[in-house]
Amino acid sequence: MNKNMEEHYRSPREFDFSGIKPEEAIITTDNVQAWFHKTIALKGISLPIARGKVTAIIGPSGCGKSTFIRTLNRMHEVVPGAGLRGRVLFEGQDIYSPEVNPIVVRKKIGMVFQKPNPFPMMSIRQNVASGFLLQGIRSDHLDEKVEYYLRQAALWDEVKDDLGKPGSSLSGGQQQRLCIARALAIEPSVLLMDEPCSALDPIATARIEDLIHSLRGRYTIVIVTHNMQQAARVADYTAFFYLGEVIEYNRTDTLFKNPANKQTEDYITGRFG
Amino acid sequence: MRNPAGKREPGSQADLRLPRSFVERGIGSVLLVCAAVSVVVTIGIILTLLKETIGFFQRVSFKEFFFDTQWTPLFSNKHFGIWPLIAGTALTSFFAMLTAIPLGLMSAVYLSEYAPERIRKALKPSLEVLAGIPTVVYGYFALTFVTPLLQKVIPGLAGFNAISPGIVMGIMITPIVASLSEDAIYSVPLSLREAALALGGSRLRTTFRVVIPTAFSGIVASFILGMSRAIGETMIVTIAAGQQPRFTLDPRVPIETMTAYIVQVSLGDTPHGTIEYSTIFAVGMLLFLITLVFNLIAHFMKKRFLRGVL
């Protein structure tokens, strides 16, 4: 494996035009290489993620964008056969150093998945509170908290009378907002979103995007999307991934209006991908 | 073989005729007959049971059968109260489930949540080998090994008792419970485990707070199917539990289960048509109904589980 990784190791080159200063970054990845069995997914990613901003990861299928955000909260290693090298610094601390407990990392860096996955045997209320249950925390004022996070996820008005109903009884878009409420309830500082709208219709998608706007500033959001318009609408910074590498990273408006790299330009103009 | 559609020449008219061979046409009926055999035999068994049971209840009242507490059809002073046999079956089944539920569930959790894929693939079939051991072997294992062992720990344990065959029966049922629970646990979508882990759940809490509750009705279905195996199991209890119908909940003394009673009468020289002879059909009918109810419950639990997950 190591030999393979050396071959694929790419000497750092200029792709980061974001201008994010080290002190502005909440997460910095340092040459992150990831693989599944013998398939290399990431070939050495070094990116700063700006605190309180929305960062979009775009790129064609199989470019490693989902793998990348899963390395940020140690969810990559959950998949059998997954391996990783490199450092991911969260608030200056490497989350892959041996003394770090992945559970603690995941409490600080929450995640929303591609397919809405509320727990089917739990009610809406229990879904929002499931993080406490899973972490073994006895939480006071649960009702207030449930209401607060459902409001945060812009779902409260739709479900306030049905809190006892199963989470799976909601529509797809509502389920996804429930999953966002559930992720926010563990009070992370970073929220990772892995194509959160890919299973949703345009109206539900618009509501999630509104929600992302309302969370900006209080949370750092990293969103993977295959939808370039979505990236342009929600993100402050955008990274274009291709074949396990970052091709270009910049402020979203600049990246879309004035890409520095030919590949980026081809992709965002729809010439491939 | 039919040609794949893509290979057809453009413009040519599709030839949709394909002569069906005799075998092709006949095979359906042959297979239907094979499948029908088991259905017909089952219906035949039920009809026989029903006929003999009706014969039995023409001579013995329901009231005596269900409210008497003595079962002595083979003695001159005949009593036909079924409760001693039910108590015997309940006792042995209880100890069987006391063994099989924790062992089976924990094996299932290990196999599905903790075992590396290679171990899972090797261990699951070998667990099922346990279910292939002839029950007579289990019976003598209970009588000659487990009972003497238990007698050292449990005071007043008779040579024939309900605990030892119950535990051994539980060991026999463990693979069924483990295998069916494992199926249920394994079919819980990966996305739910990931959701739980991403919320900061440890592996243990993820398993017990999310995976097992999600698979719950499937797991309970496996318990119930195991239970119905325990109730119907014959050889182990015949060998190791004694053959003394006794209306008791003391597991240390010899008892007799419904199944063991049927064996006892079948092995003896009870003549056809006598009341003693027809008792085994009444007991058999009750046994059939009990396991049927359990199997139906298991079936519906399983369906509910699948509906809940998918």
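Chain B of this predicted model has a mean pLDDT of 89, with 94% of its residues at 70 or more. One stretch of chain B calls for a more careful reading: over residues 1–6, pLDDT stays under 50. For these residues, the model has two contacts beyond four places in sequence. For the complex, the predictor gives an ipTM of 0.90 and a pTM of 0.81.

In chain A, a helpful place to start is strand β1, which spans residues 25–36. Following the pairings of β1(A) brings in the strands β2, β3 and β5 of chain A, and each of these pairings is antiparallel.

Strand β2, made of residues 39–45 of chain A, pairs with β1(A) over five bridges. Here A:W35 has A:I40 as its bridge partner. The two strands form a hairpin with two residues between them. Within that turn sits A:H37, whose phi is positive, at about 50 degrees.

The pairing of β1(A) with strand β5, residues 82–90 of chain A, runs over eight bridges. A pair to look for in the structure is A:Q33, which stands opposite A:R85 of β5(A). Strand β3 covers residues 48–50 of chain A, and three bridges join β3(A) to β1(A). In this pairing, A:A25 is matched with A:A50 as its bridge partner.

When tracing these strands by eye, one general point may help: in a regular strand, side chains alternate between the two faces of the sheet.

Note on methods:
Residues are numbered from 1 along each chain as its sequence is written. Chains are lettered from A and ligands numbered from 1 in the order in which they are written. This is a predicted model: local features need pLDDT of at least 70, side-chain atom pairs count only at pLDDT 80 or more; totals for chains, interfaces and linings use all residues. Two strands pair if DSSP finds at least two bridges between them. Helices (H or I, at least four residues) and strands (E, at least two) are DSSP runs, numbered from the N terminus. pLDDT is the predictor's confidence in each residue, from 0 to 100. Two residues are in contact if their C-beta atoms, placed from the backbone, lie within 7 Å.
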